[in-house]
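Here are some notes for when you open this one up. They go point by point, so have the viewer handy.

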Amino acid sequence: MISALPPAAAIFLAQGTGGESRSLFRDLFGAGSGWGSFASAVLGFAVVFAVASALPVLFTWAERRVSGRMQQRRGPNRVGPFGLVQAVADGVKLMFKEDIIPANAERFLFALAPGLVLAGMIAAFALIPFSERAIVVDAPLGVYLLAALLSLQVLGVVMAGWASNNKWSLLGAMREAAQMVSYEIPMGICLLIGVLSFSTLSLREMSLAQADGWLNVGNWLIFRNPLFAFPAFVVLYVALLANTKRAPFDLPEAESELVSGFHTEYSGIRFSFFFLEEYASMFLVSALAVCMFLGGWNIPFLPGSVVTGSVGAEILAALVLIVKSFALVFVMIWLRWTLPRIRIDQVMNLCYKYLTPIAFVCLIGTCWWELR
Amino acid sequence: MTDLESTPKEGTREIVLDVRTQDMEINMGPQHPSTHGVLRVVITADGEIITSARPYVGYIHRCAEKIAECVTYDQFVPYTDRYDYLAAMNNNLGYCLAVEKAAELEVPPRATWIRMICAELNRIGSHLIAFGTYGLDLGAFTPFLYGFREREWMMSLFEKICGARLTYSFMFPGGLANDAPEGWFDEVLRFCDVFDRKWREYDALLTRNKIFIERTRDVGVIPAEMAKAYGLTGPCLRGSGVRFDLRESAPYLFYDRVSFDVPVGQGEMGTVGDCWDRYFVRMAEMLQSTRIIRQCVELCLAETTPGEVMAKKPKTLKIPPTEVYVGVENPRGELGHYLVTDGKDKAFRLKIRGPSFCNLSIIPAILPGTMIADAVAIIGSIDIVLGEVDR
């Protein structure tokens, strides 16, 4: 389980550097002692791994059902109620398939790449505040760490493309590298707008700061600073689409051009890692956008005290965050089954000619707005 | 590299790149999702930019022309289904017209009307596949299933008239295998009405989509002169702005008795002859086809009575020595049959001019300089069927 080591290490390190951070697990085990810290890291990893594996199952099902409805067919409806267990059945099938490594592949890198891609994704889950205390690691540098972990996958994808020793894979990896490096610029600037507005890098504190206000949505960043934060949210969403390789930015995979792009040569369990990563990252980036721009776990029209305090309230808060994120994921699914794919030069044009300047304007505007 | 290796100007430092670069040679196909069959294009690419492209064909060559010399005229009809398997009716038609011209058979008018309806229905079906797979090539999956939804109805219409859904073998030299069943014409008219409404869905979903337009405008431009020089026919030629349609310029069947337009590329979104123009010519032709079908049904019901759909001919057709060429407008262009007979019950020689094969020949000329993603868009816009390229 190569993939298990980096997230565990990341969670452990993040907790170590956590300082005054609070989380459910640290409360449970006591923050001071070394063993308590270790135990909370282990439990935290287990929870994160479970959530990060369960949500993709739900989202693959949702994607297939939703696309089925959009295309006037039924979608999976045989395995379990409403076909809900279809993704599990597919996962089991993938696990038992032959694991093929091409003869001329760079074996070590080939094996490492899917694990690396998945690892960054799972580790990033630890940083998402599902409620005030249901957060595995509340790192003071949360946003920064999250951006760093998100960019880890480009390494894995380039590694996979190179190690496969396949020209289509290499082209896919090249596209991925170009696309990711470019889109991190508008993404980073938009994240900076959130940081600037709330004067914190902690996603938990951002969510807390968005409670209450006019109709209890007034403090959400997109309503608090509608002139600049709303366009920034749109820019961030587009950049995140590109970061998760979702249509219309699915150039690294582009099945009609590059066969299957960077994962052409992968099969069985290793392929399922890439697959899992795609769906996990869909949720992850949506949750990130929700925490920063759409009020996190806060419910519209209900005061912030409803979702903080008791355990029941925190479960409600976690559900709210999941529902909001799912709304964004739904838009991703909707876009994927509607739009054609953009060409690589148009992807670059969009990033450097439109998104980056807009993001900069929003950043400067937010500075003015906050100082006003 | 040459600039870097030349003598540096005074005051500048010499930079020597110790990197050997070479273009990458990629095999696109014969197993690739977007070559529409077993086409193999060997692409030389400098990063994403294509520097040269060579198509290799012949992976499903089935010796159709040789088979024609070994079986009787009627027996060859099922083989015609299989060259352009997306427009089997049109293939049947082209072959039958050639044999009928050579044998001087008189086809009953009812058979001719039904042939026209079938040919136009099949043109719609074929263009729907072109539309759907073009969406797939550009990464839009949903239009494909929308196209197949209407094509399904079209195929069930064929199933009702001849029992088959893909390879029909419905037309024979002299006429048709059977008359249309009761109620068939009404359903054809209903199909036309529904189809015209659904066509607007395609228009909104794909044709006017901003990303789709950006992907296809000014891409793979074929100027009119070049299109003529390469012998392009069908939507590929008309997309370049040349108004040439055999149904109009050399009418066969009763095409001179119905009114219809021949859509040509206007350069509406970019340059005349780009991928969008070729694509839109097909879309516009589908509406013309429903227009033709409506007139055919009306005239057929007004002028003919059910029953007679086969010419009087001997059981085994023997054609005295002669040579004929008949070209018909297939969905992909001019399908020509050049038939040489020698008085026996089999053809002496049958040469088939497949439009896809000629249209494909332009690929090495227009691919260089475009990107790999464009190559997919261009091959898709030429709309080849490999069964017909190889025959």
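1. Let's begin with a helix pair: how are H5(B) and H12(B) oriented to each other? This is a predicted model, and in it helix H5 (residues 109-137) of chain B packs against helix H12 (residues 275-303) of chain B at an angle of about 160°. An angle over 145 degrees counts as roughly antiparallel, and H5(B) and H12(B) are therefore roughly antiparallel to each other. Their axes lie 9 Å apart, and the crossing of H5(B) past H12(B) is left-handed.

2. What is that helix contact made of, by class? The residues where H5(B) meets H12(B) come out as 19 nonpolar, two polar and six charged.

3. Now for the sheets. Chain B has an open sheet of three strands in the order S1-S2-S3, paired antiparallel. Strand S1 (24-28) and strand S3 (49-56) of chain B are at the edges with a single partner strand each, so one side of each has no neighbour in the sheet. From one strand to the next, the twist averages 20°.

4. A closer look at one pairing in that sheet: S1(B) and strand S2 (residues 40-46) of chain B are joined in the antiparallel sense over five bridges. If you want a spot to click on, try Met28(B), which stands opposite Val41(B) in S2(B).

5. Chain B also has an open sheet of three strands with the order S6-S7-S8, and here too the pairing is antiparallel. Which strands stand at the edges? They are strand S6 (322-330) and strand S8 (347-353) of chain B, each with a single partner strand, so one side of each is left without a neighbour in the sheet. The twist in this sheet averages 15° from one strand to the next. Helix H4 (residues 88-103) of chain B packs on the sheet and touches S6 and S7 of chain B. The direction of H4(B) makes about 155° with that of S6(B).

6. Staying with the S6-S7-S8 sheet of chain B, have a look at the hairpin. Strand S7 (residues 333-341) of chain B runs antiparallel to S8(B), and six bridges join the two. One bridge pairs Leu339(B) with Leu350(B) in S8(B). The hairpin has five residues between the strands, and Gly343(B) takes a positive phi near 90° there.

7. On to where the chains meet. How many residues does each chain bring to the contact? Chain A gives 23 residues and chain B gives 25 residues. On the chain A side, helix H8 (167-198) and helix H14 (344-371) each supply at least two residues. By class, that side of chain A has eleven nonpolar, five polar and seven charged residues.

8. Last, the confidence numbers. The model scores ipTM 0.82 and pTM 0.85. Chain B has a mean pLDDT of 88, with 96% of its residues at 70 or more. The pLDDT is below 50 over residues 1-5 of chain B, a stretch with three contacts beyond near neighbours in sequence. For chain A the mean pLDDT is 82, and 90% of its residues reach 70 or more. Residues 17-21 of chain A have pLDDT below 50, and this stretch makes eight contacts beyond near neighbours in sequence. Where pLDDT is low, the predicted coordinates should not be read in detail.

Notes
Residues are numbered from 1 along each chain as its sequence is written. Chains are lettered from A and ligands numbered from 1 in the order in which they are written. This is a predicted model: local features need pLDDT of at least 70, side-chain atom pairs count only at pLDDT 80 or more; totals for chains, interfaces and linings use all residues. Two residues are in contact if their C-beta atoms, placed from the backbone, lie within 7 Å. Helices (H or I, at least four residues) and strands (E, at least two) are DSSP runs, numbered from the N terminus. Ala, Val, Leu, Ile, Met, Phe, Trp, Tyr, Cys and Pro count as nonpolar, Asp, Glu, Lys and Arg as charged, and the others, Gly among them, as polar. Two strands pair if DSSP finds at least two bridges between them. Axes are lines fitted to C-alpha atoms, for helices over the stretch in contact, and angles run from 0 to 180 degrees between N-to-C directions. Angles under 35 degrees count as roughly parallel, over 145 as roughly antiparallel, 65 to 115 as roughly perpendicular and the rest as oblique. A crossing is left-handed if the near helix is turned anticlockwise from the far one by less than a right angle, and right-handed if clockwise. pLDDT is the predictor's confidence in each residue, from 0 to 100.
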